[in-house]
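Open the model in your viewer and keep the selection tool at hand. This tour goes stop by stop.

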Amino acid sequence: MIALIQRVKQANVTVNSEVIGQIDKGLLVLLGVEREDDRAKLEKLADKVMKYRIFSDEQGKMNLNVSQAGGKLLVVSQFTLAADTGRGLRPSFSGAGTPEQANALYLEFVEYCRSQGMEVETGEFAADMQVALINDGPVTFNLQV
């Protein structure tokens, strides 16, 4: 399971010209599901996302997690993160989870984060989405479990 996280001042997801998910300060989480992923990996990655200290404290050091910084999550399913780009000029998605598996784990990821007290907005699984953001920093990390 892969999460590309971006610290944002603002982010939103639009489907069919309608904003369906929006946050101000927080993390945009692009979530990729791989074939071997399960509930244990999901919880481990979600905990890492929520506890990762990439927000500035009073001294300007990256020392606060999203919750401590008063932020929210915007979680968007992103199957292309599971691409194998090692050979050739066209990505292979043989390692990506099936649509059914990916959707189930995506929804579980969101619900798990909510159960831990996070405010979470979402995209729409398998929709043609437009994601807009103001990256704060820019600060972007690729987290994997």
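In which loop is asparagine 65 found? Select asparagine 65: it is found in the loop between strand E5 (62-64) and E6. Keep in mind throughout that this is a predicted model.

**Stop 1: asparagine 65**

Is asparagine 65 buried or exposed? Its relative accessible area is 12%, and under 20% counts as buried, so asparagine 65 is buried. Now show its side chain together with the backbone of the residues that follow. A polar atom of the asparagine 65 side chain lies 3.0 Å from the backbone nitrogen of serine 67. The side chain also reaches the backbone nitrogen of glutamine 68, at 2.8 Å. Next, show what asparagine 65 touches. Leaving aside residues up to four places away in sequence, the list is Met50, Lys51, Tyr52, Arg53 and Phe55.

**Stop 2: strand E6 and its partners**

Select strand E6, residues 72-77. How many of the six residues of E6 are buried? Five of them are, so E6 is largely enclosed by the rest of the structure.

Add strand E3, residues 26-32. E3 and E6 run parallel and are joined by six bridges. To find your place, select leucine 30, which stands opposite valine 76 in E6.

Then add E7, residues 120-122. E6 and E7 also run parallel, with three bridges between them. Here the residues to pick are valine 75 and threonine 122 in E7, which stand opposite each other. Now trace the chain from E6 through H2 to E7: this β-α-β crossover is right-handed.

**Stop 3: lysine 72 and glutamate 119**

Stay with E6 and select lysine 72. Which residue forms a salt bridge with lysine 72? The partner is glutamate 119, and the closest N and O atoms are 3.4 Å apart. This pair links distant parts of the chain: lysine 72 is in strand E6, glutamate 119 is in the loop between H2 and E7, and 47 residues separate them. Colour both by accessibility. Lysine 72 is partly exposed, at 33% relative accessible area. Glutamate 119 is partly exposed as well, at 49%.

**Stop 4: more salt bridges**

How many salt bridges does the structure hold? There are six. Go to helix H1, residues 39-51, and select arginine 39 and glutamate 43. Their side chains meet in a salt bridge, 2.7 Å from N to O. The two residues are four apart in helix H1, which means that about one helical turn separates them. Both are partly exposed: arginine 39 has a relative accessible area of 37%, and glutamate 43 has 27%. Add Glu108 to the selection. Salt bridges that share partners join Arg39, Glu43 and Glu108 into one network.

Another of the bridges is between aspartate 37 and lysine 41, whose side chains meet at 4.0 Å, N to O. Compare the two ends. Aspartate 37 is buried, with a relative accessible area of 7%, whereas lysine 41 is partly exposed at 27%.

**Stop 5: aromatic pairs**

Switch to the rings. The structure holds three aromatic pairs; visit two of them here.

Select tyrosine 52 and phenylalanine 141. Why does this pair count as edge-to-face? The ring planes stand at 70°, and planes over 60 degrees apart count as edge-to-face, so the pair falls in that class. The ring centres are 5.6 Å apart. The pair links distant parts of the chain. Tyrosine 52 sits in the loop between helix H1 and strand E4 (55-56), phenylalanine 141 in strand E8 (residues 129-144), 89 residues apart. Tyrosine 52 is partly exposed at 27% relative accessible area, and phenylalanine 141 is partly exposed at 28%. Tyrosine 52 is also among the residues that asparagine 65 touches, so you have met it at the opening stop.

Finish with tyrosine 106 and phenylalanine 125. This aromatic pair is tilted: 6.2 Å centre to centre, with 35° between the planes. Tyrosine 106 lies in helix H2 (residues 99-115) and phenylalanine 125 in the loop between E7 and E8, so the pair ties together parts that are 19 residues apart in sequence. Check accessibility once more. Tyrosine 106 is buried, with a relative accessible area of 3%, while phenylalanine 125 is partly exposed at 22%.

Key:
Residues are numbered from 1 along each chain as its sequence is written. This is a predicted model: local features need pLDDT of at least 70, side-chain atom pairs count only at pLDDT 80 or more; totals for chains, interfaces and linings use all residues. Side-chain values use heavy atoms; hydrogens and water are left out. Rings of Phe, Tyr and Trp (its six-membered ring) pair if their centres lie within 6.5 Å; planes under 30 degrees apart count as stacked, over 60 as edge-to-face and the rest as tilted. Buried means under 20% relative accessible area, exposed over 50%, partly exposed in between (1.4 Å probe, protein chains only). Two strands pair if DSSP finds at least two bridges between them. A crossover is right-handed if, with the strands pointing away from the viewer, the path from the first strand over the helix to the second runs clockwise. A polar contact is a pair of N or O atoms within 3.5 Å; within protein, one must be able to donate a hydrogen and the other to accept it, and residues adjacent in sequence count only if both atoms are side-chain atoms. Contact means heavy atoms within 4.5 Å.
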